[in-house]
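Let's walk through this structure together, one region at a time. Keep the sequence and the 3D view open as you read.

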Amino acid sequence: MKTTAINRTLLRGAFLFLVTLFAFVVLAPQQLKAQAADTVSTNDVEFTDVPSASQQVIANKKNADSLAKIKADSAAKAGVSKTDATTIKANTNTTDSPKSLWQLFIIGFLGGFAAFLLPCVYPMLPLTVSFFTKRGGSRASAIWQSCLYGFSIIFIYVVFGLLITIIFGPAALNGLATNGIFNFFFFLMLVVFGASFLGAFEITLPSSLANKLDANSDKGGFAGIFFMAATLVVVSFSCTGPAIGGVLSSAFTKGDRLAPAVVMFGFSLAIALPFTIFATFPSALKSLPKSGGWLNSVKVILGFIEIAFALKFLSNVDLAYHWNLIDREVVLSLWIAIGVLMSLYLIGKIKFSHDSDVTHLTVTRTFIAMGMFAFTIYMVPGLWGAPLKAISALLPPLSTQDFDISGGGGSAAIATPANTSSIKDKKYEELFKRLPKVKGLDEWYDYDQAVQLSKELHKPVFIDFTGWNCVNCRQMEQNVLPDPEVLKRLQNDFIILQMVIDDKTELPKAEQYNSPVQRKDITTLGGKWLDLEISKYGSNAQPYYVITNEKGEALVKPIGATDIKSFISYLDSGVAAYKK
């Protein structure tokens, strides 16, 4: 009884520690977010003469009594009540965050399940289950101890995810997602991990660490179970390490403060569940396939997948820094080559050093090989401009492809209205020629030019805060914006302004400035537009769509990624508000 009471006390302490870490990561950034939101202004911005909208507000309001009064005055000028402004702030990023976190959880869970099937983890299942059934004494005790074991695995991985957020900082995660050095590092890391899975070498933690943890696992009670779980985490790192790197890369691309913890929760849950379930029903172990060469096959397939995924990060760097090397057809060619190799490997035509001979094809292996061959064939028409909607968000934009015989599809049939503006040369047009395009739209890339055009043509400005590396942006450009009803409204009723927040083009020295909102120097074009989004509209999400008048005042509440019907309603409400 005493031991059980101690176990429960330790379990409660561990749970409280996890909750404290979670609260620190979630709540601590709120003060910073509130400070950023307090500087939201709707005054017009002239980037040519004044460094930023926020600096202009501060200069004009030197003698104001408080920052809250500035906010209230700005909202009044925009024709927006204080309540409405608060609502807009509160809804910032709510469109995509829940969906993104659920996606990350699923990615983590699938990655954890794949890691469980690796040679370093799967063979541990019968040994661990046997240990609990023999040690527990009774079935109830064995189940309780196996649950503690599963919780310990989850605890270790989630704390690791939370520590990543604490170390890098919640605000830094979004920056890391578009940082060239970081993306290149992840490219190299995934290539190394992929080579490890293919059998080139093994990545292991120091054996002394595993020995110490294993020695502590002999202790009784919760402490012994916890160290036993920690031993599993360390010993299996040669297999789970590359898998963790793969799923964490997805977390960083989202830029959400909870992303690493959510991914690690899904990952650890997929590993912990089998140990807990089979300890509860040990007789079910007899139905599982025995360890063998198929485990190494899983490892090799994951190696191919990680190498293919690595190309996405290299493409991110290429786009943001305008290297113009990793075009769409380059990535597709490499993916097709990887697909062919994976297919040949699955049917036993090629093998690696650690593989056993494939004497015959199992039904499962045959179906997986069929799916891989089919996916490889599906990618081939993309070399000639096929949109490949199923994977378009993961590929470089179609505008980077040299050879395109697609003809632009149905959207090109709608003619673009003639430009009757006095502006003859679009600023930054050459810079963004490789940016994903919606055929039929006439996009602008400079804030001042879009405002001038709005005044001349008497149309509202449709601001599209986007990014080179924004997956949700690509999905909107592929599935929503080309819709005929959406396209008709965008062409006829709006000035389209695309602001690429992760572009790394350096600003001229005269245009560089220090942002009072972000408290850092703004030196790049993308940083300038991101600072505008944060300071003027209280958001740093992408995609983020804002409909404004000639003064830059938001006419309706901005939105993020959504469906066609909701987007049409949003555009119509923006036009109605502008006409008032």
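In this predicted model, the side chains of strand E2 split between two directions: Val461, Ile463 and Phe465 point one way, while Phe462, Asp464 and Thr466 point the other way, and all of them are buried. Strand E2 covers residues 461-466, and six of its six residues are buried, so the strand counts as mostly covered under the cut-off of under 20% relative accessible area.

What lies beside E2 in the sheet? The order of the four strands is E1-E3-E2-E6, in an open sheet with mixed pairing. Strand E1 (443-444) and strand E6 (544-548) stand at the edges; each has a single partner strand, so one side of each is left without a neighbour in the sheet. E2, for its part, pairs with E6 in the antiparallel sense over five bridges, and with E3 in the parallel sense over six bridges.

You can follow both pairings from one residue, valine 461. Its bridge partner in E6 is threonine 548, and in E3 the bridge partner of valine 461 is isoleucine 495. Further along E2, aspartate 464 stands opposite tyrosine 545 in E6.

Now look at what covers these strands. Helix H17 (residues 447-457) lies across E1, E2 and strand E3 (495-500), and runs at about 170° to E3.

Before leaving this part of the chain, take a look at serine 392, which lies in the loop between helix H16 (363-379) and E1. Is serine 392 buried or exposed? With a relative accessible area of 12%, serine 392 is buried, because the cut-off for that class is under 20%. Leaving aside neighbours within four places in sequence, serine 392 is in contact with Pro387 and Gln478.

Next, turn to a pair of helices. Two packed helices are described by the angle between their axes and the distance between the axes. The axes of helix H14 (residues 293-320) and helix H15 (residues 328-346) come within 10 Å and cross at roughly 175°. An angle over 145 degrees counts as roughly antiparallel, so H14 is roughly antiparallel to H15. On the H14 side, the contact is made by Asn296, Ser297, Val300, Ile301, Phe304, Ile305, Ile307, Ala308 and Leu311. H15 contributes Leu334, Trp335, Ile338, Leu341, Met342, Tyr345 and Leu346. Sorted by class, the contact of H14 with H15 has 14 nonpolar residues, two polar ones and no charged ones.

From there, move on to the nonpolar cores. The largest one has 39 residues, of which Tyr149, Ile153, Tyr157, Phe267, Ile271 and Phe275 touch the most other members. Helix H5 (97-116), helix H6 (124-136), helix H7 (139-168), helix H11 (221-235), helix H13 (259-280) and H14 each supply at least two residues of this core. Which helix gives the most to this core? That is H13, with 11 residues. A second, separate core has 35 residues, including Leu435, Val451, Ala541 and Ala554.

One last stop is glutamine 103, which lies in helix H5. Glutamine 103 has a relative accessible area of 29%, so it is partly exposed, a class that runs between 20% and 50%. Glutamine 103 and valine 262 are 159 residues apart in sequence and, C-alpha to C-alpha, 9.6 Å apart in space.

Definitions and conventions: Residues numbered from 1 in each chain as written. Predicted model: local features only at pLDDT ≥ 70, side-chain atom pairs only at ≥ 80, totals over all residues. Heavy atoms only, no water. Pairing = 2+ DSSP bridges. Contact = heavy atoms within 4.5 Å. Axes fitted to C-alpha atoms, helices over the stretch in contact; angles between N-to-C directions. Parallel < 35°, antiparallel > 145°, perpendicular 65-115°, else oblique. Nonpolar A, V, L, I, M, F, W, Y, C, P; charged D, E, K, R; others polar. Core = buried A, V, L, I, M, F, W, Y, C linked by side-chain atoms within 4.5 Å. Buried < 20%, exposed > 50% of the residue type's maximum accessible area, 1.4 Å probe, protein only.
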